[in-house]
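Visitor: I am new to protein structures and would love a close look at one part of this one. Could you take me through the strands of one chain, step by step?

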Amino acid sequence: MNAQIAAILAIDGIASGAIYVLIAIGFVLIFAVTRIIFVPFGDITAFTALTLASLENKQMPGTVGMVAVLAVMATLMEVFSLWRKGALGKIPAALFFYLALPLIPAAIAWATAGTLLPTPLRLLLTVAVILPIAPLLNRIVYQPIADATVLLLLIVSVALHFAMSGLGLLFFGPEGVRTQSLVDFTTFIAGTPVSGQAMLILGSAIFFSFLLYLFFNFTLYGKALHATAINRTGARLMGIRPQQACTIAFLLGSVLAAVSGILIAPVNTIFYDSGFLIGLKSFVGAIIGGMVSFPVTAIGSMFVGILEGFAAFLSSPFKDVIVFSILIPVLLWRSYTLVHAEEEDEE
Amino acid sequence: MALLSIQNVSVSYGKAEAVRNVSLEVDRGQIVTVIGPNGAGKTSLLTSVIGMIPAAGRVIFDGTDITALPTEDRIEMGFCLVPERRELFADMSVYDNLLLGAYTRRDGSAAIKASMEEVYGRFPRLRERRAQKAGTLSGGERQMLALGRALMAKPKLLMLDEPSLGLAPLITREIFKIIASLHETGVSILLVEQNARAALETAGFGYVMETGEIVHSGSSATLIDDPRLISTYLGGGASH
Ligand SMILES: Nc1ncnc2c1ncn2[C@@H]1O[C@H](COP(=O)(O)OP(=O)(O)OP(=O)(O)O)[C@@H](O)[C@H]1O
Ligand SMILES: [Mg+2]
């Protein structure tokens with residue numbers, strides 16, 4: 001391996017690392033606010049890629065059916081619990097938020113099936129269709145057990161991941177997809193070719209991390225979310241509703257997952273179950289950040305991406321084996337040097 | 001009609017009953033104190049009244065039965081608790097803590113800024129430390145921040161759980177002075193205290209709680225001279 005090849009591999013690695021950064025930040029964000037390790041998060045990324053591919057092929061994406069099923073379930077649960085509490089006045093609002101709102105983008109996707117939308121609209125529609133999935137899953141699966149331990153929530157998350165894979169197969173079928181490139185140019189930086197897609201990926205990761213930074217530091221809702229993550233009791237005493245905060249966290253996380261799905265779709269072939277491995281590698285990045293630190297998470301995810309780039313060069317079929325084998329000592333080291341988030345969390 | 005009316009409230013942890021059939025009232029503009037020894041159930045009472053733990057009985061606030069309402073709805077109605085553990089946002093600045101105190105307010109950022117100035121005026125120490133993380137404040141500063149954060153909500157009724165907990169006598173006196181002065185702004189206060197003498201001197205009316213029940217009540221002036229209360233001042237009735 002000479003310097004030229006190393007540089008090319010590094011750029012490849014940085015591009016996939018940037019995708020992991022987006023997902024890993026989503027993991028940390030959702031965990032901090034909800035204490036849920038949202039294992040199906042990678043599935044959201046994969047479903048985004050599949051949705052985008054369907055729209056490109058002028059088909060109705062399977063996401064439409066999935067969102068419809070989830071929206072109906074969530075609405076039934078919400079209406080039933082409101083009815084039991086005797087809060088019938090809140091039912092119209094529940095119908096709006098749990099049924100109408102998630103179904104609007106799905107309905108648009110259904111109605112426009114057969115026409116090829118212009119690219120920006122197509123991307124926007126993809127994100128809009130994907131967004132409701134995680135918040136609806138939160139309402140259906142996690143809200144009834146909101147006070148459970150981190151461990152129980154994790155077990156439920158793993159189960160949910162397998163359920164989501166099943167739904168993915170049902171709604172998207174077993175074929176892999178790869179979408180058109182969003183940008184089609186290559187530049188040379190110091191003699192090394194850098195694809196436009198790689199630059200787009202890195203740029204998006206930086207842009208969305210920065211947006212998140214602004215949100216948490218300069219908006220009241222961002223601060224309220226941060227407060228919920230630090231001290232739930234304190235937040236409730238300020239009138240901040242934890243379930244609302246959870247929904248916002250899932251929505252923001254979904255934006256990140258959807259963006260990463262759009263970015264990865266032209267470079268990797270994505271199947272209905274590709275989300276797990278993407279999620280797992282991002283999750284490792286989040287663990288390196290101790291599930292609390294956004295900057296360390298970003299560095300960790302980059303590290304995983306670069307490692308993967310080089311591993312793929314050494315031996316493509318063994319790249320995941322190489323990546324995870326090298327990660328084990330890193331994770332051991334981190335587990336000795338970290339103050340665990342859960343220990344503070346038990347209060 | 002009373003601003004807050006607690007009617008036959010009971011709180012149980014499993015089989016153990018921490019609060020038994022407690023009824024009390026706070027009128028508009030009044031400071032009412034609940035005093036009693038450790039483990040009397042004072043914190044349990046306040047926590048249940050704000051809706052954080054389940055309880056039997058009824059709670060009427062400002063003419064509305066709030067028994068079935070979640071905590072956040074009660075906060076939005078102008079009800080506020082400074083809990084015994086303060087529950088500050090340790091990782092956030094003093095300024096952000098205060099700002100979040102005004103989370104439920106919808107009267108615009110100018111009004112919230114004005115409240116912030118008012119709080120800084122009352123606690124100059126907080127202004128000096130506004131960029132510091134709440135978790136690194138001293139005990140007394142933390143108390144001030146908890147109180148200031150509660151005031152940012154412009155509550156109608158403020159419940160304070162042992163505001164003098166762990167403070168040096170000098171700061172304790174300061175805190176009680178501030179509580180008395182808050183009263184002039186029209187907020188009603190339900191004050192839970194170990195420091196019975198200072199509490200009774202600040203409040204207009206007092207209740208004495210022992211092992212989950214109200215055992216005495218009366219105007220502060222009569223309670224302070226009540227010979228039966230001397231034992232409570234000394235830290236517990238015969239039942240302990
Ligand atoms: N979460 C809990 N689980 C079980 N028992 C509890 C719990 N919280 C309080 N208790 C018990 O309830 C009783 C009343 O406690 P509480 O904290 O209300 O007393 P307090 O009057 O506030 O005491 P202090 O003055 O020491 O703060 C105590 O015996 C306590 O051990
Ligand atoms: Mg107490």
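To begin with, how many bridges join strand E1 (residues 4-13) of chain B to strand E4 (residues 56-61) of chain B, and do the two run parallel or antiparallel?

Guide: Happy to! Please keep in mind that you are looking at a predicted model. Strands E1 and E4 of chain B are joined by 5 bridges, and they run antiparallel. To find the pair on your screen, look for Ile6(B), which stands opposite Val59(B) in E4(B).

Now step back to see where this pair belongs. E1(B) and E4(B) are part of an open sheet of 4 strands, with the order E2-E1-E4-E5 in chain B and antiparallel pairing. The edges are taken by strand E2 (16-26) and strand E5 (64-65) of chain B; each has a single partner strand, so one side of each is left without a neighbour in the sheet.

Edge strand E2(B) also holds a residue with an unusual entry. Asn21(B) lies in this strand, and its phi is near 50°, a positive value in a residue other than glycine. Is Asn21(B) buried or exposed? The cut-off for exposed is over 50% relative accessible area. Asn21(B) has 51% relative accessibility, so it counts as exposed.

Let us move on to another group of strands in chain B, where the pairing is parallel. Take strand E7 (residues 157-161) as your starting point. On one side, strand E6 (residues 79-82) of chain B is joined to E7(B) by 4 bridges, and these two strands run parallel. Here Phe79(B) stands opposite Leu157(B) in E7(B). E7(B) also pairs with strand E8 (residues 188-193) of chain B, again in the parallel sense, over 5 bridges. Met159(B) stands opposite Leu190(B) in E8(B). Between these two strands, the chain leaves E7(B), passes through helix H7 (residues 169-183) of chain B and arrives at E8(B), making a right-handed β-α-β crossover. Another contact between the two strands is easy to trace: the bridge partner of Leu160(B) in E8(B) is Leu191(B).

E8(B) has a further partner. Strand E3 (residues 31-35) of chain B pairs with E8(B) in the parallel sense over 5 bridges. Look for Val32(B) in this pairing, because its bridge partner in E8(B) is Leu190(B). You have already met Leu190(B) opposite Met159(B).

How enclosed are these strands? The cut-off to remember is that buried means under 20% relative accessible area. In E7(B), 5 of the 5 residues are buried, so this strand is largely enclosed by the rest of the structure. E8(B) gives a similar picture: 6 of its 6 residues are buried, so the rest of the structure largely encloses it.

A little background helps with the next step. In a regular strand, side chains alternate between the two faces of the sheet. With that in mind, look at E7(B) face by face. Leu157(B), Met159(B) and Asp161(B) are on one side, Leu158(B) and Leu160(B) are on the other, and all of them are buried, so both faces are covered. The faces of E8(B) are both covered too: Ser188(B), Leu190(B) and Val192(B) are buried on one side, as are Ile189(B), Leu191(B) and Glu193(B) on the other.

Let us finish at the magnesium ion (ligand 2). Which protein atoms act as its donors? They are OG1 of Thr43(B) and OE of Glu84(B), lying 1.8 to 2.5 Å from the ion. Thr43(B) sits in helix H1 (residues 42-49) of chain B, while Glu84(B) is in the loop between E6 and helix H3 (94-101) of chain B, so the pair ties together parts that are 41 residues apart in sequence. This brings us back to E6(B), the strand that runs parallel to E7(B).

The donors also differ from the strand residues we have just visited in how they are classed. At 25% relative accessibility, Thr43(B) counts as partly exposed. Glu84(B), at 28%, counts as partly exposed as well.

Terms used. Residues are numbered from 1 along each chain as its sequence is written. Chains are lettered from A and ligands numbered from 1 in the order in which they are written. This is a predicted model: local features need pLDDT of at least 70, side-chain atom pairs count only at pLDDT 80 or more; totals for chains, interfaces and linings use all residues. Side-chain values use heavy atoms; hydrogens and water are left out. Buried means under 20% relative accessible area, exposed over 50%, partly exposed in between (1.4 Å probe, protein chains only). Two strands pair if DSSP finds at least two bridges between them. A crossover is right-handed if, with the strands pointing away from the viewer, the path from the first strand over the helix to the second runs clockwise. Donors are N, O and S atoms within 2.8 Å of the metal (3.2 Å for Na, K and Ca); water is not among the atoms, so sites may look incomplete.
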